[in-house]
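Student: Could you take me through this structure feature by feature, giving the general idea before the particular case?

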Amino acid sequence: MLRRFTLDDLERFVMMLTDERVTDQLSFPKELKTAGGAEALLRATIAAYESDEPMVAFAIASPDGFLRGMCGVSTFAPGVVEIFYAVAVPEWRRRIGSRAAKALVRALRRRSDVEELVGFVLPDNQASRRILEGLGFEDRGLVERQGFAEPVHDYRLDLGG
Ligand SMILES: CC(C)(COP(=O)(O)OP(=O)(O)OC[C@H]1O[C@@H](n2cnc3c(N)ncnc32)[C@H](O)[C@@H]1OP(=O)(O)O)[C@@H](O)C(=O)NCCC(=O)NCCS
């Protein structure tokens, strides 16, 4: 299930954002990948839910609310939304990432202002590539992308306006 973050998620959130197995796959700036940076990001994310400019990031949680991962969106270009997701390492390979990405895409399909989704994935990230391909994203090939050490696959899903 996807829900808003709360400060109860702090410990698990910091654990995830300071784990290189997770963060090496994300384009987050280096300063967010420290305990202090992760805490600041969580606080800013929670504060932004109530603002006009929400940074839309959600917690992936177990039915009893325990933080298992995170996912979110950002505006890439007018009508084009970038999606990202990450799962805490102890929870990998339980289809949590697949289910969260599916829920995110389903929610974005309901937004009339979103025409296309994009996801950037490092070549070795087989799990993420499987997830996007399973959702019907098309691999447009490798592109340079700020925040990544090497070219990433540019996956697109046309939502058909
Ligand atoms: C990518 C990530 C979210 C996947 O989460 P997950 O819950 O472990 O993934 P799932 O269990 O839903 O598996 C998804 C698919 O990948 C496959 N897979 C999972 N781990 C794999 C691995 N290490 N190697 C190869 N395939 C793998 C699964 O078999 C499944 O394939 P299928 O749909 O054909 O059966 C998780 O590995 C992660 O957080 N990675 C770091 C952050 C990241 O890469 N984010 C994505 C950047 S956009």
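Tutor: Let us begin at the ligand, keeping in mind that this is a predicted model. One reads a binding shell by asking how much each element gives to it, and here helix α5 gives the most to the shell around the ligand, with 6 residues.

Student: Which residues come nearest to the ligand, and which elements give two or more residues to the shell?

Tutor: Of the 23 residues around the ligand, the nearest are Gln25, Gly97, Ser98, Gln126 and Ala127. The elements that give two or more residues to that shell are β4 (80-87), α4, β5 (116-121) and α5.

Student: How does the shell around the ligand divide by class?

Tutor: The shell around the ligand is made up of 11 nonpolar, 8 polar and 4 charged residues.

Student: How are helices α4 and α5 placed relative to each other?

Tutor: For a helix pair one reads the approach of the axes together with the crossing angle. The axes of α4 (residues 96-109) and α5 (residues 126-134) come within 10 Å and cross at roughly 40°, and α4 and α5 are therefore oblique to each other. The crossing in which α4 passes α5 is right-handed. On the α4 side, Gly97, Ser98 and Ala101 meet Ala127, Ile131 and Gly134 of α5, and by class this contact has 3 nonpolar, 3 polar and no charged residues.

Student: At what angle do helices α1 and α3 pack, and which residues make their contact?

Tutor: Helix α1 (residues 10-17) packs on helix α3 (residues 35-48) at an angle of about 125°, with the axes 9 Å apart, and the two helices are therefore oblique to each other. Here too the handedness can be read, since α1 passes α3 in a right-handed crossing. Leu10, Phe13, Val14 and Leu17 of α1 make the contact with Ala35, Ala38, Glu39 and Leu42 of α3, and its residues divide into 7 nonpolar, no polar and 1 charged.

Student: How many helices and strands does the protein chain have, and in what order do they run?

Tutor: The protein chain has 5 helices and 7 strands, and from the N terminus on its elements run β-α-α-α-β-β-β-α-β-α-β-β.

Student: What does the radius of gyration tell us about the protein chain?

Tutor: The general idea is to set the radius against the one expected for a compact globule. With 161 residues, such a globule would have a radius of gyration near 15 Å, and the protein chain has 15 Å, which agrees. Taken along the principal axes, the C-alpha atoms of the protein chain fill a box of roughly 40 × 35 × 30 Å.

Methods: Residues are numbered from 1 along each chain as its sequence is written. This is a predicted model: local features need pLDDT of at least 70, side-chain atom pairs count only at pLDDT 80 or more; totals for chains, interfaces and linings use all residues. Axes are lines fitted to C-alpha atoms, for helices over the stretch in contact, and angles run from 0 to 180 degrees between N-to-C directions. Helices (H or I, at least four residues) and strands (E, at least two) are DSSP runs, numbered from the N terminus. Angles under 35 degrees count as roughly parallel, over 145 as roughly antiparallel, 65 to 115 as roughly perpendicular and the rest as oblique. A crossing is left-handed if the near helix is turned anticlockwise from the far one by less than a right angle, and right-handed if clockwise. Two residues are in contact if their C-beta atoms, placed from the backbone, lie within 7 Å. Ala, Val, Leu, Ile, Met, Phe, Trp, Tyr, Cys and Pro count as nonpolar, Asp, Glu, Lys and Arg as charged, and the others, Gly among them, as polar. A residue is near a molecule or strand if its C-beta atom, placed from the backbone, lies within 6 Å of it. The radius of gyration is taken over C-alpha atoms; the globule rule is 2.2 Å times the number of residues to the power 0.38.
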